[in-house]
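Trainee: Could you walk me through the charged pairs in this one? I'm new to it, so please go slowly.

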Amino acid sequence: MKFSTGSLLPLALLAPGALAVHPNHFQVTVGKNGQLRFDPETIDAKKGDLITYNFFAANHSVTESSFEKPCAPLDDATFSGFVPTQSPDVASRTTFTIEVKDDKPIWIYCSQVNGNHCQNGMVHAVNAPKQGNTFEAYKALAAKAKAPSLSPADGLPNGGIRKTTVDVGLNGTLTYSPNNIIEPPRTVVEFKFNPRNHTVTESSFEKPCFPIKDKEGISSGFIATTQVPAIATFEVIVKDTKPLWFYCGQVNGNHCQSGMVGAINAPAVGNTIDAFIAKAALAPPPSVIPPKAPLGGRVFVKDIEIVKFNLNGGNAIDVDAILAGDIEIVTGKPTATKAYETKPAETAYYTAPIKSWESKAWETKTWETKYKPTSSYTSYKAAETKTWGYEGKGKSCEGDY
C-alpha cells in the first residue's frame, strides 16, 4: 500500500456500506406467479429508503396516482414503463428503483389495460395512513375507477432508475447475454464483466469490429478480471430508440469476428442482430477500440466509479490489480456516487499500477479514479470526454488471460 499525506483506508472499506450507513432497501414483486398483485402491497418507509420493483409475466408497470384518482397517473408521475417478460416465477432482468423522498403517501397501480389490472386490485402504497385515506380505501376506489387505466403520455420511465443487466463473457463464452436488449430511452443498461478480458465498444452496423466514426461512441475499455461473480460493470443510458451496435474488441481469439457482438434496440427486420453477427464474422481482423476509456458511460468496480483509465489516458484496467490493494486513497469532501446505492462520507482519489495492454512488453502505468457527483440516473449525463479522432488506426489489446 502506498502512503500519502491524506488519510488512508484499505480498499475493503470502500465496498458498499462502508462509507455510509445504508438506508433500508425493500424488494417488491410485481405480478409474480400470475397474480395481479404487488407483494408486499404496502410498505412503511423512511426518507432515503429504496424500493426496487421486480417484474414477472406478462407485462406490468409501476405507475403513480393520487389517492382520489386511482388508475390515472399524476402529472410528472413516477413511472417504470411497461416491462414485458415471459416467466411467472423468474424475475425480469429489468428492475425499477425509487428513492423515498419524505413520509408522504405514495399511491401506485399497474396501468395494464389488458385485464384492467388496476381495477382488479393491482395497487400498492408506500406510507399509507392507518386511518382515513388508508390502503384499503384506495383499493376500493380503484375497483370503482373508470376503465381503461391510463399511463403517462410519453410512455417513458420517470422518477426512478429503470435498469437492465447484460452478462459479458458469462461462463467463458464469447457472448453478451442477452445480445439484443429492447429497452426504452432513459433505461440504464448495466454490462457485468466476467472473466477474462472483454470490452463493450460501439460500432456502426456496416462496419462491426471497429469504432463508430461519425460520433464519439461508447467504449468500456478493456476490463480484465478473474472475479466471479462479476464486480466490474459498465453502465450506459439508452438515449433514443435508434439501434446501438456494439462488439468486444479483444484481438486474442478475435472475439468480435467469433460472434461476440450485440445491440440495443436492433430492428426485427432488415438490419437485425443476426445480420450484424453475420457481418462481424466477415470483418477483417484485428479489431480496434478507442485509445481512451471509458467513453459514453460509467465504469464501476465494487461500486467505486473509475472515471479515467491511466493518468495520461488509456483504455484498460485490471480488476485483480485493483483488489490487490496497491492503491493510494486520499480522502476529500463529501459527495455522491451511484444514485440510490451508495452515499459515501468522503471523496476518494486512487492511483495504482496496471499492466499496459498496448504492447507485448508489459509496462507499468498509473490510473486515476475519482467519484463524480450525480443526483439520479434520470438526470444522468455521461462524463464528458474529448473526441479521440479515430482514423482507422489504433492499438488493440494483445493480452488475454
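Mentor: Let me begin with one residue: Arg93 counts as partly exposed, at 34% relative accessibility, where buried means under 20% relative accessible area, exposed over 50%, and partly exposed in between (1.4 Å probe, protein chains only). This is a predicted model, in which local features need pLDDT of at least 70 and side-chain atom pairs count only at pLDDT 80 or more, while totals for chains, interfaces and linings use all residues. Residues are numbered from 1 along each chain as its sequence is written, and side-chain values use heavy atoms, with hydrogens and water left out.

Trainee: OK, which residue forms a salt bridge with Arg93?

Mentor: That is Asp167, with the closest N and O atoms 3.0 Å apart; a salt bridge here is a side-chain nitrogen of Lys or Arg within 4 Å of a carboxyl oxygen of Asp or Glu. Asp167 is in strand S11 and Arg93 in the loop between strands S7 and S8, 74 residues apart, strands being DSSP runs (E, at least two residues) numbered from the N terminus.

Trainee: And is Asp167 buried or exposed?

Mentor: Asp167 counts as buried, at 12% relative accessibility.

Trainee: Switching topic, how many salt bridges are there in the whole structure?

Mentor: The search finds 10, and one of them joins Arg162 and Glu183 at 2.7 Å between the closest N and O atoms. Arg162 lies in strand S11 and Glu183 in the loop between strands S13 and S14, so this pair ties together parts 21 residues apart in sequence.

Trainee: What about networks of salt bridges?

Mentor: Arg37, Glu41 and Lys139 are linked in one.

Note on methods. Helix = DSSP H or I, 4+ residues; strand = E, 2+ residues; numbered from the N terminus.
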